[in-house]
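Colleague: Please take a close look at the salt bridges in this model for me. I would also like to see the surroundings in which they sit.

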Amino acid sequence: MSELEALATALKVEKAELMFYIDMAKKAKDEKAKKMFLFLAREEAEHWDIFEERLIEKMTEKCKHPHVNKEVLEKLTPKYEGEISEVKAVEIGMKQEKLTWEFYEKAAEEAEDEKVKHIFRELAKVEEAHYELLKAQYDSISKTGIWMDYQDFSLEVD
């Protein structure tokens, strides 16, 4: 996959994740769950901005329109229908974050431009931190039935 394709795909994935987390926040009954989903939505919006800026730069530099592989995009887009529980939303989020971080790691390896490599590497770390946050929430809910405040979990990346 070319850098341009990877950036265009990442932009669409971040938009899908943003919409997913906003939908989950709207449906959340627990206030801590809602806060966590909104926090993740804001994070995905920031990633969207980063990818959009870099994509526009690359499109103008290469004078090309990006192609997005629909099969890859389909694999990287959250899947859910109708009403789902908060716990199920966390499970979907965990799966989504893991797929995304793995995609970003691969895109970083394949990228030629050092700036693009750096963006994919850094955002892969953030997506992994999102996975860890969701996993901690899942473990907490499964064992205690209690949602942690997402601020109890550090998302600092090295």
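Modeller: Happy to help: I will go through the salt bridges pair by pair, then turn to the unpaired charges, the core and a few single residues.

First, a word on the basis: this is a predicted model, in which local features need pLDDT of at least 70 and side-chain atom pairs count only at pLDDT 80 or more, while totals for chains, interfaces and linings use all residues. Residues are numbered from 1 along each chain as its sequence is written, and side-chain values use heavy atoms, with hydrogens and water left out.

Searching the whole structure turns up eleven salt bridges. The term stands for a side-chain nitrogen of Lys or Arg within 4 Å of a carboxyl oxygen of Asp or Glu. As background, side chains of opposite charge can pair when their charged atoms come close.

Let me start with E3 and K58, whose side chains form a salt bridge with an N to O distance of 3.6 Å. E3 belongs to helix α1 and K58 to helix α2, so this pair ties together parts that are 55 residues apart in sequence. Helices here are DSSP runs (H or I, at least four residues), numbered from the N terminus. Are the two partners buried or exposed? E3 counts as buried, at 9% relative accessibility, and K58 counts as buried too, at 3%. On that scale, buried means under 20% relative accessible area, exposed over 50%, and partly exposed in between (1.4 Å probe, protein chains only).

Now for a pair within one helix. K98 and E102 both lie in helix α4, four residues apart, which is about one turn of the helix. The closest N and O atoms of their salt bridge are 2.5 Å apart. K98 is partly exposed, at a relative accessible area of 33%, and E102 is also partly exposed, at 35%. Elsewhere, salt bridges that share partners join E3, K58, E61 and D113 into one network. That brings the buried residues E3 and K58 back into the picture.

One more pair deserves a look: K79 and E74 form a salt bridge, with 3.9 Å between the closest N and O atoms. K79 has a relative accessible area of 43%, so it is partly exposed; E74, with 49%, is partly exposed as well.

What about charges without such a partner? E46, D49, E52 and E53 gather in a surface patch of negative charge. A patch of this kind is made of residues with over 30% relative accessible area and no salt bridge, like charges being joined within 9 Å. Asp and Glu count as negative here, Lys and Arg as positive, and His and the chain ends are not counted. The place of a charge is taken as CG of Asp or CD of Glu, and as NZ of Lys or CZ of Arg. The areas come from the Shrake-Rupley method with a 1.4 Å probe. One of the four, E53, lies in helix α2 (residues 31-62) and is exposed, with a relative accessible area of 57%.

Next comes the nonpolar side. The largest nonpolar core has 24 residues, and F51, Y104 and F120 touch the most other members. Helices α1 (3-27), α2, α4 (86-110) and α5 (114-144) each supply at least two residues of this core, and α1 gives the largest share, seven residues. Such a core is a set of buried Ala, Val, Leu, Ile, Met, Phe, Trp, Tyr and Cys residues joined through side-chain atoms within 4.5 Å.

A few single residues round off the view. K27, in helix α1, is partly exposed at 27% relative accessibility. Its C-alpha lies 8.4 Å from that of I84, although K27 and I84 are 57 residues apart in sequence. D30 sits in the loop between α1 and α2, with its C-alpha 8.4 Å from that of E86, 56 residues apart along the chain. In the loop between α2 and α3 (70-75) lies C63, with a positive phi near 55° in a residue other than glycine. For comparison, most residues other than glycine have a negative phi. C63 counts as exposed, at 72% relative accessibility, whereas G93 in helix α4 counts as buried, at 0%.

Key:
Patches are made of residues with over 30% relative accessible area and no salt bridge: like charges are joined within 9 Å, nonpolar side chains (Val, Leu, Ile, Met, Phe, Trp, Tyr) within 5 Å.
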